[in-house]
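Dear colleague,

I am handing over the structure we spoke about, so that you can look at it before reading my notes. Please open it first, and then go through what I found below.

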Amino acid sequence: MQLESMYQEIILDHYRNPHHKGLRDPFDAEVHHVNPVCGDEITMRVSVKDVDGEPVIDDVSYDSLGCSISQASASVMSDLVTGKPVGQAMAISQAFLDLMQSKGAGVAAEPDDDVLEDAVAFAGVSKYPARIKCALLGWMAWKDATAQAMEVGQ
Amino acid sequence: MTDSPAHLDVAHLDVAHLDVEAIRADFPVLARTVRNDKPLIYLDSGATSQKPRQVLDAEREFYERHNAAAHRGTHLLGEEATDVYEGARAKVAAFIGAEPGEVVFTKNATEAINLVAYTLSGVNGSGPVQVRAGDEILITEMEHHANLVPWQQFCQRTGATLRWLNVTAEGRLDLDRLDSMITERTKIVAVTHQSNVTGTVTPVAEIASAAHERGALVLVDAAQSVPHQPIDVAALGADFLAFSAHKMLGPYGIGVLFGRAELLEAMPPFLFGGSMIEMVRMEGSTFLPPPQRFEPGVPAVAEAAGLGAAVDYLTGLGMGNVAAHEESLTAHALDVLRDHPGVRILGPDTTKDRGGAVAFEVEGVHPHDVGQVLDELGIAVRTGHHCAWPLHRALGVQASTRATFYVYNTHAEVDELADGIRYAQRFFGVRS
């Protein structure tokens, strides 16, 4: 069965014990995103700090309701971007989007786990088009919140 | 097969209301295998129904032998196409107890409801009802978005106030305040006949009676009832009634708006163009009487042929038998899921005034994940809010998994659904 290829143990772990969950202060921007097809939703806050003149993701906090893929993805995402320079975090976000849009090719091609780390576990999702939006919900919310946070900074 | 009344207390009767094996042989898609070479168990007819050969053949035969533009030709094919189109209209009318002139072909139920909401809001001229700022439109929390969002827009356009009946925890309409919710200012009451989530069959006749006493018009969303039970528009008290072909074994792209003759007569057109005009000059145009007034553009005759064949197929089964078969499956589903650990059924726990949509929650497993596991087992259900987001909020859930039953489903498939849920619970570790 292909179920196990999508529902990797890492994903189920993050689903049961999501990292960084809960809304925290202070924050620079807050967004609310929804998947209109299924009703999954996420409220996400991002705070950005200045480290030697470079913007760095200080904290990502969120509240959300949704399926195992969307919840686990938000959790893995928050691990990946927290503490990284915004530019680097955005590059990771793009790599993840590429993996999701790879239509299963990402599984065979062995995605770069130096860049994506635990997020490579989501490679199997690309074979189930209906779930891609689930995996991307948290990432899209984070990108939106971060973009808004950067504007606030300016 | 003899016809029998709907809503019998028929749980687990050995009587077969339908010859399901023979029916299944008419549906080519049911022979497929899906994921992991599993046979298709299609429990998503609430989203769209599968089509019997007879419907597919009718469309194909129309294109192969009778295709021409209806209502235009002076040639033989044009006559034949017109006969097919008007013949389908007559069949649909008889199916719901209406006159042919009261049947307007639209794209689907959603468009039919929009047609009423637009024209009655006065955008294209005055009609049978004047709606002023402060007047009221009454709907319910149970509505599918198709019978909800157009009325929000109607109220924005006219300044009317949108009010709604609430849903009880059991998934029925709360009618305690019906008399106070319908006031002298209520102009339109729009209500679903059968919920696509909870299966609840609402007391439309009672609501219509109260509405008419106060001079309000009644629109019925029958998208989930026309396919599944015998319908008589007069008995329901419907002034307008909407449904779609694709949910009743027919093709996409065609639906029906029933409107009482005197109402359609008084309504301005919705969409304009060819086919609905009486006379056109550069300075202005006049319009045909109903139903053509509301059917712009070249008629969708092939789709009408398919819908006509669907009506024939269902009439051949007997809608009483269809309803009784579904009631039997629903009773079975409620029985196996009621006592299933970790499963909560949304909606009434009985088949009384309850049709074949069974939506449920599985504790600790999100509907998407339930649906994914069922998909691996070949079982097709729907997950999410099923275009009834406010209903889900009213029932206190974010989203649900929904199985819907139709003429080609079997009791064995209900058992497979229960087994699949158990498998999902084990996979996600919420059950040993």
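I begin with a pair of helices in chain B, where the axes of helix 2 (residues 53–66) and helix 10 (residues 301–317) come within 8 Å and cross at roughly 145°. Please keep in mind throughout that this is a predicted model. The crossing of helix 2 of chain B and helix 10 of chain B is right-handed. On the side of helix 2 of chain B, the residues that take part are Q54(B), V55(B), A58(B), E59(B), F62(B) and Y63(B), and they meet V301(B), A302(B), A305(B), G306(B), G308(B), A309(B), A310(B) and Y313(B) of helix 10 of chain B. Sorted by class, this contact between helix 2 and helix 10 of chain B has 10 nonpolar, three polar and one charged residues.

A second helix pair is found in chain B, where the axes of helix 4 (residues 109–120) and helix 5 (residues 149–158) come within 9 Å and cross at roughly 15°. Angles under 35 degrees count as roughly parallel, and helix 4 of chain B and helix 5 of chain B are therefore roughly parallel to each other. Their crossing, that of helix 4 and helix 5 of chain B, is right-handed. Here I113(B), N114(B) and A117(B) from helix 4 of chain B meet P150(B), W151(B), Q153(B) and F154(B) from helix 5 of chain B, and the residues of this contact divide into five nonpolar, two polar and no charged.

Turning to the domains, the assignment for chain B gives domain 1, made of 20–52 + 318–427, and domain 2, which covers 56–315. The C-alpha centres of domain 1 and domain 2 of chain B lie 28 Å apart, and 29 residues of domain 1 of chain B are in contact with 29 residues of domain 2 of chain B. On the side of domain 1 that touches domain 2, the elements of chain B that give two or more residues are helix 11 (319–338), strand 12 (357–362) and helix 13 (389–394). Helix 11 of chain B provides the largest share of that side, with six residues. By class, the same side of domain 1 of chain B has 15 nonpolar, nine polar and five charged residues.

Finally, as to the two chains, 11 residues of chain A are in contact with 14 residues of chain B, and the chain A side of this contact divides into seven nonpolar, four polar and no charged residues.

With best wishes

Technical notes:
Residues numbered from 1 in each chain as written. Chains lettered and ligands numbered in written order. Predicted model: local features only at pLDDT ≥ 70, side-chain atom pairs only at ≥ 80, totals over all residues. Axes fitted to C-alpha atoms, helices over the stretch in contact; angles between N-to-C directions. Helix = DSSP H or I, 4+ residues; strand = E, 2+ residues; numbered from the N terminus. Parallel < 35°, antiparallel > 145°, perpendicular 65-115°, else oblique. Left-handed = near helix turned anticlockwise from the far one by under 90°. Contact = placed C-beta atoms within 7 Å. Nonpolar A, V, L, I, M, F, W, Y, C, P; charged D, E, K, R; others polar. Domains from an automatic or database assignment.
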